[in-house]
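User: I'd like to go through this fold with you, one question at a time. Ready when you are.

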Amino acid sequence: MTNTSISRMPNPGEFVPELKDISAALFRATGNRSVPRTTMSLVHLRAGQIVGNTYLTILNTGFLRKAGESEERITAVSSWQDAPCFTDAERAALALVEATLQPAPHGRERVTDELYAEVARHYDQKALATLTIAIGQIGFFIALAVIGKPQPVTSLADEQWD
């Protein structure tokens, strides 16, 4: 893939070295295997799509491909509601990230009691806490991605910042 865009800012970790520790702590917290890694990547891909960020979309698409996910499932994340290729647990997780990141209809909660109950039906307390942290994790990285505009990459080992 040829990168044609230029990051808006240099690597923020160069100026705030604690960023590496924060990032590592978030990955440790969400890597406890209570939620499948594929589900995490599906949720993070959907978050990237919701905020319209190429970096997050390409990165998480790359993670899913490396995990062996089909192009059908990867492509269908943007229209998961009527796609037959997702499990009920994955659908609940995707609904939760959408409810968290999108504005609620006027006068309604973003995460309704009904949605919470549906997610809790598929995930035990540890997994639900982990999924919640994973949504917060992507929220943290959304700010870096949309403000800093790192280079789109398919691996965190690739050069992301100019």
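User: Is Arg65 buried, partly exposed or exposed?

Analyst: One caveat up front: this is a predicted model, where local features need pLDDT of at least 70 and side-chain atom pairs count only at pLDDT 80 or more, while totals for chains, interfaces and linings use all residues. Residues are numbered from 1 along each chain as its sequence is written, and side-chain values use heavy atoms, with hydrogens and water left out. Buried means under 20% relative accessible area, exposed over 50% and partly exposed in between (1.4 Å probe, protein chains only). With 45% relative accessibility, Arg65 comes out as partly exposed.

User: Which residue does Arg65 meet in a salt bridge?

Analyst: A salt bridge here is a side-chain nitrogen of Lys or Arg within 4 Å of a carboxyl oxygen of Asp or Glu. The partner is partly exposed, with a relative accessible area of 41%. The N to O distance is 2.6 Å, and the residue that Arg65 meets is Glu71.

User: How many residues apart are Glu98 and Arg46?

Analyst: Their side chains meet in a salt bridge at 2.7 Å, N to O. The pair links distant parts of the chain, with Glu98 in helix H5 (residues 88-101) and Arg46 in helix H2; helices are DSSP runs of H or I, at least four residues, numbered from the N terminus. Both ends are buried, Glu98 having a relative accessible area of 10% and Arg46 one of 11%. Along the chain they are 52 residues apart.

User: And which helix holds both Arg121 and Glu118?

Analyst: These two also form a salt bridge, the closest N and O atoms being 3.2 Å apart. Arg121 is exposed at 56% relative accessible area, whereas Glu118 is partly exposed at 29%. An α-helix has 3.6 residues a turn, so residues three or four places apart point the same way. Arg121 and Glu118 are 3 residues apart, about one turn, and both lie in helix H6 (residues 113-122).

User: Why do the buried residues of H1 line one face of the helix?

Analyst: Those residues are Leu19, Ser23, Leu26 and Thr30. The face turned away from them carries the exposed residues Lys20, Asp21 and Arg28. The arc is taken from the directions from the helix axis to the C-beta atoms. Seen down the axis of H1, the buried residues line one face because they fall within an arc of 60°.

User: What covers that buried side of H1?

Analyst: H1 takes in residues 18-30, and its end C-alpha atoms are 19 Å apart, in agreement with the 18 Å its 13 residues should span at 1.5 Å a residue; that expected span is 1.5 Å times one less than the number of residues. What covers its buried residues includes H2 and helix H7 (125-148).

User: Which backbone oxygen does the side chain of Asn53 reach?

Analyst: Asn53 sits in the loop between helix H2 (37-51) and helix H3 (54-66), and at 9% relative accessibility it counts as buried. Leaving aside neighbours within four places in sequence, Asn53 is in contact (heavy atoms within 4.5 Å) with Gly48, Ala145 and Val146. Its side chain reaches, at 3.4 Å, the backbone oxygen of Ala145.

Key. Helix = DSSP H or I, 4+ residues; strand = E, 2+ residues; numbered from the N terminus. Polar contact = N/O pair within 3.5 Å; in protein donor to acceptor, adjacent residues only side chain to side chain.
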